[in-house]
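User: Please take a close look at one helix in this model. I would like its length, its ends, its bend and its burial in one connected answer.

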Amino acid sequence: SNRFLALFLTCLSPSAFAEQATSVPDCNFSLAWHIPGFADSERLDLLETLITEAEQKSPGAKDQHRYFGADKSKVGHTVTYLHSVADDEVLLDLWAAAAASDEGAKWNIMSSVDSKEERLRLRCFEAIDYVSSGDGQEANIGWHSDGHTLLTTAIMLSDPATDFEGGSFEIRRPAATTPPNDCGSRLAPDGSGRGEASAVLLRGDALTWRGWDEHRVAPVLKGRRRVVVLEWWADAEAGQDAPNQRPNDSLQGWQLARRIDPRAASLPRAQAEHYRAAGNLQQAIESYKTAMTLDPGDSLCLNNLAHVYGEQGSFEEALATYRASVKMDPKENAPRLGLSNMLRDMGRFQEAVGYAKAAVKLEPGSAEAMTALGVAWVMGGEDLKKAKSVLTKSLKLNPGQNSALMGLAGIYKQTGKNDKALETYQRALTVDPRDASVYNNLGGLYMNMKMMDKAKSSFERAVALNPRQGSIRLNLGIVLANMGLVDEAGTNFEAAIKLGPPTPLAHKNLARVRIQQKKYKLAHKNLKAALKLDPRDKEASGMLEHVEDEL
């Protein structure tokens, strides 16, 4: 029942790794290919020189940070881009590691690409530094892939014997997508559902893998681990005049990678994320479903599918999918947080608090889980003292959390400290000036302060930034109704109901508009819908009696 195929090596000491790395079973499926001592002293000197030249030539090439995993406050790495200082001769020399690996592992990627060029094109060339956090944290840089990069090669520049401790390389692939052969039998015996192994590279060693296979680097416990990484693909070459960034994936690139490796679950999953970012939600859903057929045990893929259902407005399907993800992997917190946030937005605060508490219990040090709990308490209008304590603790762990800042502002708003709330919302806008939820909450504060014009402007700004969030349209409708703009209010209430999440408040407010317009049949329909969502809503019951009298 193990989900993931292990790296072709078991956990070995550095010396044993170097001696035995090439003793791979002769099969058609190796996850990574190791070349001991690929970079001799001349190559190593050249690579160190390139790093120095890149840092001197272009300050923008240095000190860019990337993070992986659920809690991005903990770990990451620093990147220096090298393509601006690498000529064709250097790249062709370093391509040799990828070419030898492609042939040795029998991936046949180069032969699958319709190209007459000597090598694949360079996507990016980086020096990557991993350092100890210095605070005892041992969180891995999370599992991730390189998108539709065809081949990725890492060359170790540091010496694990003297320069650093920890920092092993790990790679995995769902066992269900692995052809049955000698390689496919090497699964982890721990019953965890993941066949994973560590690879320790010595200075000068090269390791190559297919970019779409998931991998990570374990925490560096001491010192600095430096590698250079080259990603090769079939899209445009990153020449010396290319900007200091990693180019985005393309639809054409995904299609090529999926033709080469149709059994790789990570490819349709990543393609789904591409569709989702572009707003093509139905295509994202279909791609996530394809990924699930290839890897039925991927709880995070199921979690992402649930999130897209929510964005699409299919809330009950989203809740069911989140719950299935929790059941699939009880140790994974992401679906619990998704459930808490969605139930909170639907006004089901007690359920939201329950899932958030479970998330905090599972990961007591998670800033994200603490924030979910604090915000659910705030929006439910109870336990404000506890909410303030947990949100303050969360912000100490990760000061850049807008959700936590908005939770604190909500506490100030509910306790009448409007100036303090306004200051906190302004602080959140300095963190992310394009966060629609901040403008939405700021509009609510202005409404409390009877500053309707400012409230209207804030809600309109929020709608412009996130036109698909129903709660924003609901709030805009409320302020428009208070300003006497009944028809505009009705339009926004209708949009709120269409976008969701389903809430009695939207139906009741639209019913009020219909009553003012003397459209009693439509008001009756909305009040029935409100009572279906909450049969105990006394206000809706009273309004319904009045409407029935009019009818």
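Analyst: Take helix α3, residues 88-104, in this predicted model. The helix has 17 residues, and at 1.5 Å a residue they should span 24 Å. The end C-alpha atoms are 24 Å apart, so the expected span and the model agree.

The helix does bend, though. A kink of about 30° is centred on A96 in α3.

Now the ends. D87 caps the N-terminal end of α3. One of its side-chain oxygens lies 3.2 Å from the backbone nitrogen of E89. Past the other end, K106 follows just after α3 and takes a positive phi of about 60°.

Next, burial. The buried residues of α3 are V90, L91, L94, W95, A97, A98, S101 and D102. How should such a list be read? An α-helix has 3.6 residues a turn, so residues three or four places apart point the same way. Steps of that kind occur in the list: V90 and L94 are both buried, and so are L91 and W95. A98 and D102 are buried as well. The list also holds polar side chains, with S101 and D102 among them.

For context, consider the whole chain. It contains 22 helices and 12 strands. Of its 551 residues, 52% are buried. Among contacts between residues at least 6 apart in sequence, 70% join residues at least 24 apart. The chain exposes about 25200 Å², and carbon and sulfur atoms supply 48% of that area.

Notes. Residues are numbered from 1 along each chain as its sequence is written. This is a predicted model: local features need pLDDT of at least 70, side-chain atom pairs count only at pLDDT 80 or more; totals for chains, interfaces and linings use all residues. Side-chain values use heavy atoms; hydrogens and water are left out. Helices (H or I, at least four residues) and strands (E, at least two) are DSSP runs, numbered from the N terminus. Buried means under 20% relative accessible area, exposed over 50%, partly exposed in between (1.4 Å probe, protein chains only). Contact means heavy atoms within 4.5 Å. Accessible areas come from the Shrake-Rupley method with a 1.4 Å probe; for residues, only the protein chains shown count as cover. The expected span of a helix is 1.5 Å times one less than its number of residues. The bend at a residue is the angle between axes fitted to the seven residues ending there and the seven starting there. A polar contact is a pair of N or O atoms within 3.5 Å; within protein, one must be able to donate a hydrogen and the other to accept it, and residues adjacent in sequence count only if both atoms are side-chain atoms.
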